[in-house]
Amino acid sequence: MQEHDLSFVRVEMALAQAAPASERGLGAWIRKNLIASTGDTILTIIGIVLVAMILPQLLSWAFINAQWTGADRTFCATAAQGGVQPDGWSGACWAFVNAKFGQFMFGRYPIDERWRPILVAILFVALLVPLLIPKVPRKGLNAILFFGALPIFAFILLVGGVFGLPHVETPLWGGLLVTLTLSFVGIAVSLPLGIVLALGRRSKMPIVKMLCVIFIETVRGIPLITVLFMASVMLPLFLPAGVSFDKFLRALIGVSLFAAAYMAEVVRGGLQAIPKGQYEGADSLGLGYWQKMGLIVLPQALKLVIPGIVNTFIGMFKDTSLVSIISMFDLLGVVKQNFNDPNWATPQTARSGLVFAAFVFWLFCFGMSRYSMFTERRLDTGHKR
């Protein structure tokens with residue numbers, strides 16, 4: 001028998017070696033992300049120039065020359081404007097934000113009763129954080145408390161009129177309280193309702209499909225301002241004499257239905273992306289319609305459209321500012337309303353208030369976006385071995 005020389009065959013696994021020096025560290029990151037090509041280099045240079053032009057002035061206005069404390073407009077106005085600042089001064093008037101912070105958060109909610117929305121906010125965060133952390137156990141109980149018990153408790157606590165709590169009318173609500181309430185209710189209602197509408201639009205039952213199509217296309221064909229106007233002004237005209245609904249409740253319903261129509265199309269896109277074999281496989285197992293959708297199709301479809309779902313949530317969060325059309329004021333509405341206060345009427349007041357409102361909106365939208373990316377990475381198991 002012929003013998004073969006196997007001396008060239010490795011009998012032990014090679015030890016892992018560090019990456020080459022040129023492929024690690026800050027220099028490698030810069031070469032890969034900033035100057036990988038001529039176009040990237042040009043865009044990087046343009047970006048650096050723009051940052052160098054804008055950032056120093058922004059930092060100077062927002063922090064270095066900013067006025068942090070003060071009791072009235074004189075602290076944020078120049079001498080020529082009747083204030084204490086030198087002529088030519090330009091800086092943020094954070095004293096205005098500090099003085100109006102309570103209104104920005106709660107609107108005209110009675111000061112002595114503001115502990116109630118604060119308590120609701122604490123419970124909201126205490127139940128939301130464990131729900132968002134994958135490793136925290138008892139998700140079912142957490143979800144029941146968050147989506148079931150918390151809304152009821154929050155309604156009783158915020159509105160009052162029972163258990164010795166003074167009644168607080170919704171026209172007194174405002175600021176971030178209105179923004180978060182509209183957003184939370186809209187998100188909690190629009191997602192399940194959007195799923196039902198998407199399934200109905202793909203249904204083989206003609207009447208169900210027709211009703212879902214009519215609703216979706218009608219709502220998507222008109223702007224949210226029109227929906228809110230109809231809910232606030234036109235709807236009472238069609239109700240029997242003496243029958244009326246709270247204006248804030250009408251806004252909640254209008255925002256939720258509007259978001260549900262857009263959510264339905266996002267979910268329908270995910271359903272259409274599922275291969276036909278998944279449906280056939282579920283049918284071969286003898287699963288019923290709701291078992292097939294709940295256990296096989298919807299989990300895959302919703303995973304595919306997470307960016308679209310969160311995009312709808314972010315859009316809805318920002319669109320809450322449109323409730324000003326029905327004389328309700330969210331965070332942006334309250335900020336703009338306080339520009340008319342003569343005690344704080346300065347050129348820097350409006351800029352500071354709008355920057356503060358923009359930062360709050362960005363903070364919530366950025367948080368939703370980052371958590372969406374985290375969820376996508378966690379559920380992206382299709383190509384893992």
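This report describes the cores, one helix, a pocket and several individual residues of a predicted model.

## Nonpolar cores

The largest nonpolar core of the predicted model holds 70 residues, and the members that touch the most others are Trp94, Phe104, Trp173, Leu271, Leu331 and Phe356. Helix α10, which spans residues 247-273, contributes 11 residues to this core, the largest share. Apart from the largest core lies another one, made of 5 residues, including Leu197, Cys212, Ile216 and Ala260. As background to such groupings, nonpolar side chains in soluble globular proteins tend to be buried together.

Leu331 can serve as an example of how a member of the largest core is surrounded. When neighbours within four places in sequence are left aside, Leu331 is in contact with Phe104, Met105, Gly175, Leu176, Thr179, Phe356, Ala357, Val360 and Phe361. Two of these partners, Phe104 and Phe356, are themselves listed with Leu331 among the residues that touch the most other core members.

## Helix α9 and the loop that follows

Which residues of α9 are buried? They are Leu224, Val227, Leu228, Ala231 and Ser232, and because they cover an arc of only 115 degrees around the axis, they lie on the same side of α9. The general geometry of the α-helix is relevant here, since with 3.6 residues a turn, residues three or four places apart point the same way. The buried residues of α9 pack against two other helices, α10 and α13, the latter covering residues 306-319.

Ser244 is placed in the loop between α9 (224-234) and α10, and with a relative accessibility of 56% it counts as exposed. Beyond residues up to four places away in sequence, Ser244 touches Leu239 and Arg250. The C-alpha atom of Ser244 is separated by 38 Å from that of Val305, a residue 61 positions apart from it along the chain.

## The second largest pocket

The second largest pocket has a volume of about 390 Å³. Its lining consists of 17 residues, and those that lie nearest the centre of the pocket are Arg202, Ser203, Lys204, Tyr289 and Met293. Three helices, namely α7 (176-201), α11 (276-284) and α12 (289-304), each supply at least two residues of this lining.

## Residues within helices α7 and α12

Two residues, taken from helices α7 and α12, can be described in more detail. Gly186 lies in α7, and its relative accessibility of 0% means that it counts as buried. Outside the residues up to four places away in sequence, Gly186 touches Ser256 and Met316. Between Gly186 and Ala149, which are 37 residues apart in sequence, the C-alpha to C-alpha distance is 17 Å.

Lys303 is found in helix α12, and at 33% relative accessibility this residue counts as partly exposed. Leaving aside neighbours within four places in sequence, the contacts of Lys303 are with Leu379 and Thr381. Lys303 and Phe215, although 88 residues apart in sequence, have C-alpha atoms that are 25 Å apart in space.

## A buried loop residue

Is Thr346, in the loop between α14 (331-337) and α15 (347-379), buried or exposed? Thr346 counts as buried, because its relative accessibility is 10%, which falls under the 20% cut-off for that class. Its side chain makes a polar contact of 2.5 Å with the side chain of Thr349. If neighbours within four places in sequence are left aside, Thr346 is in contact with Arg73, Cys76 and Ala77.

## Loop residues with positive phi

Arg138 is not a glycine, yet it has a positive phi of about 60 degrees. This residue is found in the loop between α5 (115-132) and α6 (139-159), where a relative accessibility of 66% places it in the exposed class.

Ser327 likewise has a positive phi, near 65 degrees, in a residue other than glycine. The loop that contains Ser327 is the one between α13 and α14, and with a relative accessible area of 52% Ser327 is exposed.

Notes:
Residues are numbered from 1 along each chain as its sequence is written. This is a predicted model: local features need pLDDT of at least 70, side-chain atom pairs count only at pLDDT 80 or more; totals for chains, interfaces and linings use all residues. Side-chain values use heavy atoms; hydrogens and water are left out. A nonpolar core is a set of buried Ala, Val, Leu, Ile, Met, Phe, Trp, Tyr and Cys residues joined through side-chain atoms within 4.5 Å. Buried means under 20% relative accessible area, exposed over 50%, partly exposed in between (1.4 Å probe, protein chains only). Helices (H or I, at least four residues) and strands (E, at least two) are DSSP runs, numbered from the N terminus. Contact means heavy atoms within 4.5 Å. A polar contact is a pair of N or O atoms within 3.5 Å; within protein, one must be able to donate a hydrogen and the other to accept it, and residues adjacent in sequence count only if both atoms are side-chain atoms. The arc is that of the directions from the helix axis to the C-beta atoms. On a 1 Å grid over the protein atoms alone, a cavity is a set of points where a 1.4 Å probe fits but cannot get out, and a pocket is an open set with protein on both sides within 12 Å along at least five of seven lines; lining residues have an atom within 4 Å of a point. Grid points are joined across faces, edges and corners, and a volume is the space filled by probe spheres set on the points.
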